Amino acid sequence: MNTMVKLKPQPRWFFVLIFGLFSYSVQSLRFELQSGQTKCITEDIRKNSMTVGNYSIINPNVHQPLPDSHTVSVRVGSLEGNIYHQSEYVQSGQFAFEAVENGDYMACFWVGHEKPQVTLTIDLDWRTGVAAKDWSNVAKKSHIDGMVRQLQILQEVASSIHDETIYLRKQEEEMELHNWTTNTRILWLCLLSLFFCMSVAGLQLWHLKTFFEKKKIL
C-alpha cells in the first residue's frame, strides 16, 4: 500500500529534523574498555521501530587470533527494565528487536576483572528505523531493480520523517503541558509564600503593637 505524504514549505527546524533522523538512525562508534569497567550507550527509539546492532572486539594484531581471555559481556534493554539481548564472555555478537515503547534503550558493555589488566576496543554498529532494513536482501527476494529499490527507500524515509514529525509534535505537546503544570504550581507556591510572609509580618506588627501598649510606649 502506497503512502502519499504531502510536503509543505518547511521552516529551518524541518531540515534539523531530517538531519537528526539520519544522524540517530545509524550509530557506529568505537570505544575502549578496561578490566572491571562498564560503558553504556543509549539510543532514542520510537515504538514499533526495528533496531539491529552488531558489536565485536577489535583485534589489534590481525595476524593472530584474539586471546581467549579477551571477552566482553553485553546487555541491551529499555530503561523500564525489559531485557532484549544478553551475552556474557563473547568476542562478537548481534542483537535485533522491535521496540514496544517509546524512549531510550541502552546497550551496556563490561569487562571482567582480568589479571593482568587489559584494554579492549569495542566496535558497535547500531541501526534503527529505515537504516535497520537490509535493502540488498529485499531487492534479491523481490527481484527488483536499483531504481525501484531507491524509490522504496525514499518512500520508507518519507514515512519515517512523517512519523518522526508526529512523534516530535506529541512530545512538544507533552512538554508544553508539563511546563504549564509546573508554572501553575510555581505561581501557587509564590502566592502561598507571599501570603505566609504577609501573615508573619502582620503577626509581628500585632505583637510589637501589643508590647508597646503594655509598656505604655504608645
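## Basis of the description

Two strands are said to pair if DSSP finds at least two bridges between them. Helices (H or I, at least four residues) and strands (E, at least two) are DSSP runs, numbered from the N terminus.

This is a predicted model, in which local features need pLDDT of at least 70 and side-chain atom pairs count only at pLDDT 80 or more, while totals for chains, interfaces and linings use all residues. Residues are numbered from 1 along each chain as its sequence is written, and side-chain values use heavy atoms, with hydrogens and water left out.

## Overall architecture

The chain contains three helices and eight strands. Read from the N terminus, the order of these elements is α-β-β-β-β-β-β-β-β-α-α. Of its 218 residues, 26% are buried, a term for under 20% relative accessible area (exposed is over 50%, partly exposed in between; 1.4 Å probe, protein chains only).

Among contacts (heavy atoms within 4.5 Å) with a separation of 6 or more, 74% are between residues 24 or more positions apart.

## Strand β3 and its neighbours

Strand β3 covers residues 50–57, and its side chains alternate. T51, G53, Y55 and I57 point to one face and are buried, whereas M50, V52, N54 and S56 point to the other and are not. In a regular strand the side chains alternate between the two faces of the sheet.

Strand β3 pairs with β6 (residues 92–98) in the antiparallel sense over seven bridges, and T51 stands opposite F97 of β6. Seven bridges also join β3 to β8 (residues 119–128), again antiparallel; here G53 has W126 as its bridge partner.

## Pairing around strand β7

Strand β7 is joined to β2 by eight bridges, and the two run antiparallel. Within this pairing, C40 stands opposite C108 in β7. Strand β4 is joined to β7 by six bridges, also antiparallel, and the partner of V76 in β7 is A107.

## The nonpolar core

A nonpolar core is a set of buried Ala, Val, Leu, Ile, Met, Phe, Trp, Tyr and Cys residues joined through side-chain atoms within 4.5 Å. The largest such core has 22 residues, of which V72, F109, I122, L124 and W126 touch the most other members. Two or more residues each come from β1 (26–34), β2 (38–45), β3, β4 (72–78), β6, β7 (103–110) and β8. Strand β8 gives the most, with four residues.

Leaving aside residues up to four places away in sequence, V72 touches ten listed residues, among them L33, I57, F109 and I122. H70 is located in the loop between β3 and β4 and is buried, with a relative accessible area of 18%. With the same exclusion, H70 touches I57, Q91, V118 and L120.

## Aromatic residues

Rings of Phe, Tyr and Trp (its six-membered ring) pair if their centres lie within 6.5 Å; planes under 30 degrees apart count as stacked, over 60 as edge-to-face and the rest as tilted. The whole structure holds eight aromatic pairs. One of them, Y55 with F109, is edge-to-face, at 5.7 Å centre to centre and 80° between the planes. Because Y55 lies in β3 and F109 in β7, the pair ties together parts that are 54 residues apart in sequence. Both Y55 and F109 are buried.

One aromatic cluster is formed by F31, Y55, Y84, F95, F97, Y105, F109 and W126.
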